[in-house]
Amino acid sequence: MNKSILDVLDHQVRWPPPIWLMRQAGRYLPEYRAVREKAGDFLKLCFTPELAAEVTLQPVRRFGFDAAILFSDILVIPYALGQPVRYSVGEGPQLDAIKDRSALARLKTEIDQETLAPVYETIRLVRQSLAAPVALLGFCGAPWTVASYMIAGHGTPDQAPARLFAYEDPDGFAALIDTLVDASAGYLIGQLQAGAEAVQIFDTWAGVLPAEEFGRWCIEPTQRIVAKVRAVVPAAKIIGFPRGVGAGLLRYVEQVPVDAVGLDWMVDLSFARDQIQWRMPVQGNLDPLVLVAGGAALDRAVDAVLEALGERPFIFNLGHGILPQTPIAHVERMLARVRGARS
């Protein structure tokens with residue numbers, strides 16, 4: 001049976017469009033919270049294949065999404081490079097910050113694939129359980145976004161520590177990016193060889209970069225990852241997601257040879273339709289907050305996305321991850337709306 005998301009990545013139009021949600025396995029689901037409590041530690045959840053596979057499958061069972069996305073985290077790459085990573089409830093990830101070039105010496109020169117072996121086993125377990133029409137997606141964080149956490153040691157509003165590092169020591173920063181390009185490519189290749197059918201590269205913080213730095217730290221590293229992955233897996237399907245880049249999105253799709261591009265909720269729909277979608281399939285871009293709001297506002301927003309993007313190859317998704325406070329009933333309403341029902 002054809003998998004609708006893979007059809008779209010092959011530039012086919014499917015109606016209704018296939019749908020999955022970024023962070024669809026998460027805290028808004030009571031079944032996720034139960035497994036998370038059982039695991040105790042977030043990294044233990046990521047690296048315990050039976051638990052991670054269960055969490056990956058939960059939203060597909062509940063909602064019938066057209067894809068499952070691997071449950072993991074973008075920071076498993078620095079962890080597999082030897083940087084300590086900790087998750088504290090209510091505080092987000094905490095890493096031992098890389099404050100200068102000397103701290104780079106503490107990292108491994110190559111990613112530790114043994115550390116990541118449980119992730120690949122999770123993929124194999126999920127593939128065994130997925131119904132035939134449901135695609136399995138893998139992912140990684142883009143080098144710029146991952147580096148921003150590695151340097152600051154935590155999330156920041158504008159990624160100023162990484163930006164300063166890149167300005168003050170561009171050669172040192174480039175060395176870190178080079179390491180992350182190789183690590184990310186190796187990680188994605190491992191996912192695809194384990195059974196992922198497409199992968200997404202999340203550049204969540206691409207939008208904080210000025211134009212020149214956007215080219216150097218976002219576009220060029222992603223180009224290199226795609227080339228390295230396809231040198232080993234020639235038919236690899238890859239989705240790029242550079243969040244918050246505005247008109248820079250056109251530059252991204254012209255220069256990065258991905259199979260589709262994710263649209264954040266700030267992207268104008270007419271711009272996406274007229275400037276982006278004839279070049280490649282698009283994915284997105286419902287505002288996660290309107291999914292929290294629900295009601296008539298949600299209906300209008302869903303209809304606007306479908307009307308603007310539905311006539312060309314398109315995957316329905318949010319413009320970023322689903323928020324923990326999202327009511328399950330609103331997800332159900334959105335799905336019914338996308339799939340043709342009117343509530």
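**Helix H10, the sheet and two cysteines**

Mentor: Start with H10: 18 of its 25 residues are buried (under 20% relative accessible area, 1.4 Å probe, protein chains only), so the rest of the structure largely encloses this helix. This is a predicted model, where local features need pLDDT of at least 70, side-chain atom pairs count only at pLDDT 80 or more, and totals for chains, interfaces and linings use all residues. Residues are numbered from 1 along each chain as its sequence is written, and side-chain values use heavy atoms, without hydrogens and water.

Trainee: How far does H10 reach from its first C-alpha to its last?

Mentor: H10 (residues 170-194) reaches 36 Å, close to the 36 Å expected at 1.5 Å a residue. The expected span is 1.5 Å times one less than the number of residues. Helices here are DSSP runs of H or I, at least four residues; strands are E runs of at least two.

Trainee: What comes just after H10?

Mentor: Glycine 195, with a positive phi of about 135°.

Trainee: New topic. What order do the sheet strands take?

Mentor: E1-E4-E5-E6-E7-E8-E9, in an open sheet with parallel pairing. Strands E1 (67-69) and E9 (314-318) are the edges, each pairing on one side only. Pairing takes at least two DSSP bridges.

Trainee: How many bridges join E6 to E7?

Mentor: Two. In one of them, isoleucine 239 partners alanine 260 of E7.

Trainee: How many disulfides does a search of the whole structure find?

Mentor: Zero, taking a disulfide as two cysteine sulfur atoms within 2.5 Å. For cysteine 140, the nearest cysteine sulfur belongs to cysteine 218, 12 Å away.

Trainee: Is cysteine 140 buried or exposed?

Mentor: Buried, at 1% relative accessible area. Cysteine 218 is buried at 1% relative accessibility.

Definitions and conventions:
Buried means under 20% relative accessible area, exposed over 50%, partly exposed in between (1.4 Å probe, protein chains only).
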